[in-house]
Each structure stands twice: as structure tokens, then as C-alpha cells.
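User: Please go through the strand pairing and the helix packing of this model.

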Amino acid sequence: LRNNGNRFVSDYIEDAMGGEILNGSGVDYQHSRQVVVFYNGHYWGIHDMRERFNEHYVESNYGIDASTVESVKHLNDSLDANAGDDKSYRQLLEYVGSTDFSGEDNAEFAKVKTMIDMGEYIDYMAAQIYDRNGDWPNNNVRAWRSVDRPWKFMVYDLDHGFGWKWGVNNQEFNESTKMFEWIRKGGGNKPCKESGCFANLYIQFSQNPDFNRMFVNRSCAMWDGYLNAKNVARVVDNMVATIPESEKDRDLEKFKQNEKYYPDGFDWKGSHLKDWALERDESVKSEYKKEFGIEGSLVKVTLKSEGDGIVLMEGMTLPGTTIPTNYTGKFFEGMEMEIEAVANSGMFTGWSDGVKDAKRKITVEDGFSITAIFK
């Protein structure tokens, strides 16, 4: 059970909503619902009942034997295992911290992609950056792996995101803080290069042009499918609809959150979250353009398949797609993009422009459209 953490003076749903907008993305988060809690017959108000992050979460969601799972967590300066041990994860951090990933076709980058689910890591990072989670990346990081799965990261404890007005880390994180600068500081006031620092993964990987290409393109798809004001509003409204107004009144009568002097006041319907997301949709794109030196604007690209197969973009199943693929989204003009045709029961015969290679790179142009053909 969780009472929305620091946000209990602001609303009922922010922390849970920040996970639920990722439903379908492949990023791990805690499924949840709002409930009324009684303890030994005494009323304790509205809480959020959610899955617990441990090895049994992995078994429940992935069908992987819990006894084979290693799970770790960063909490401020500590790194601990809550399933198995943390030896292999520490070795990963040390390897990344001491390795040069620069240059095209870097063998070390290819190697580290067998150790980390790189696509999911990027999607996880895109979510934290969009949310503007100030209590991260120096804190609140969890990851797991099993014998046949590389490390995968888990979103949780987002109560310092989505426009939270009170400062984090002695007020160092505030409304003007840019997320990539915050990551490069390790979520604090000094560069993050020491062994054991989670933020150093991004610092090291961003030496690599393939990683940067993947990061930008997958983030664009995440904005399109999950990290946007429309999706935030949908999830907020769905969650609020489960809370009867009479229960809200009873909860406020006991805890008086509306008298706690939070700058935005207590907004039980979450309108401040929706308003914040409308502004964030644009500001996050500006941060990316500065970080990656992007000059082009966002333009429409269409990726389709004909027959029994699907198109992957940077290894990603595109939001809302089925077999066959029919996807139109916005990406930065002039960026390279890797696409791949993946057959289901048939075979790939070529792209609509005549290219036969199943995996290839294209350059993003306004109105670009291509179809993978399967028989």
C-alpha cells in the first residue's frame, strides 16, 4: 500500500499514474488501483494498492522462476540486492565505467547490449526524463535479470516528477533544471563517474553514435505512444473515476491534505497533472534537441508491412501496431533510423523501394513512407 508518497498533499494518483501511462511499452512498472484502507477496523483513507517489486513480480509477469532472479536497488549512496546477489550488477557498472564506447560499430557497445536490455533501458530513461523525476537517478533505481535475460530497469517512486513544486536534494533540483544536465550530475551537484553510479551508464553510452541514434528515435516513439498529454489525461481520468466523491470527502476530513499549503493546492481530480503534461510535451523535445545537437523538426514517417510480418524501429515494436504493421509517427528530420522487417509465418521478400536487406538504415524525411513485403 502507498499513500502517493510526498504527493499526498497534492493528489491521490500521480505516482501510480506515472507507471500506468507506460502500459504496453515493455517498461516495468507496478500495476495498481486506488482502495480504501481499514486497519483493525479503523479508517485510514485512500491508498494505492500495487504490485510489490521483487523476484515474485518477475515470476508473475514473465513466468520466470523467482529462484533464478537477481534484483538490485540503488537508494542514494547504497546499492543492495533484494533477490540473489549484486555481484554481477556491480561488475556491469565497473565494466561500463572503464570502457570506451565511442565510434561506429564499436565491439564493446555490441557486447554491453548482451548484458543490458538496451532498448528497454532507453525507454525507461525516456520515461524518467519526460516525467522530470528529480529524486533520480541518484536514487530510486531498481533492476533485475535472470539466467536467460539481461538487466532490465523498473520505474517506481515518481512522486518528485510531473511538476512537483517542492525542491529535491537540498533544493538543487527545481523547475528550471534540465534533465540531461541532472543526469550528468548523477542527480546531484557533482559529475557522476565513480563506480556504482547508475547515471554513469548514460554518460558512458552517450559516447556511442548508435546509442544516440537509438535513444532519439525510440524516445520519439515513446512520446507518440505513451509519454504525452493525451495519454496522461486518459489515465488520470480513468483513475479518478474509481474514487467516489464521498470517499474523497471522508479522506480529506481525516487527513486535511487541503490545509497542507502545497503551492498548487490539493487537486483530487488531477487537473494540474494534465496541465503540466501539455507543457511538457514541447519542453522535453527542446531538451533532446540541445542534448543531441538536433537541428531538424519533427516530421511524419510511415512504416508499414504487407503480409504476415512486422516492422521494428530500432528493435522496437512500434506503439499500437499489430501484424501487419501500419504506423505513422513523428521523428526528427535528418536523423538516421534503423528499421527491420521481421517475418511471422512467411518470409520477407523486400521493401517497397526495392531494397532486399531485412535490416537497414534510412534517413528521416517529411512524409517518408516505406512498406516491408512478406509472402
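The turns below cover sheet order, bridge partners and helix directions.

Analyst: This is a predicted model, in which local features need pLDDT of at least 70, side-chain atom pairs count only at pLDDT 80 or more, and totals for chains, interfaces and linings use all residues. Residues are numbered from 1 along each chain as its sequence is written, and side-chain values use heavy atoms, with hydrogens and water left out.

User: In what order do the 4 strands of the open sheet stand?
Analyst: Strands (E, at least two residues) and helices (H or I, at least four) are DSSP runs numbered from the N terminus. Two strands pair if DSSP finds at least two bridges between them. The pairing in this open sheet is antiparallel, and the order is E4-E3-E5-E6.

User: Why is one side of E4 and of E6 left without a neighbour in the sheet?
Analyst: Strand E4 (78-83) and strand E6 (149-154) each have a single partner strand, so one side of each stays free of a neighbour in the sheet; both stand at the edges.

User: Which residue of E5 is the bridge partner of Val-72?
Analyst: Strand E3 (residues 70-75) pairs with strand E5 (residues 141-146) in the antiparallel sense, over 5 bridges. The E5 partner of Val-72 is Ala-143.

User: What angle does the direction of helix H5 make with that of E6?
Analyst: Axes are lines fitted to C-alpha atoms, for helices over the stretch in contact (heavy atoms within 4.5 Å); angles run from 0 to 180 degrees between N-to-C directions. Helix H2 (residues 55-62) lies across E4, E5 and E6, at about 110° to E6. Helix H5 (residues 118-131) packs on the sheet and touches E5 and E6, and its direction makes with that of E6 an angle of about 5°.
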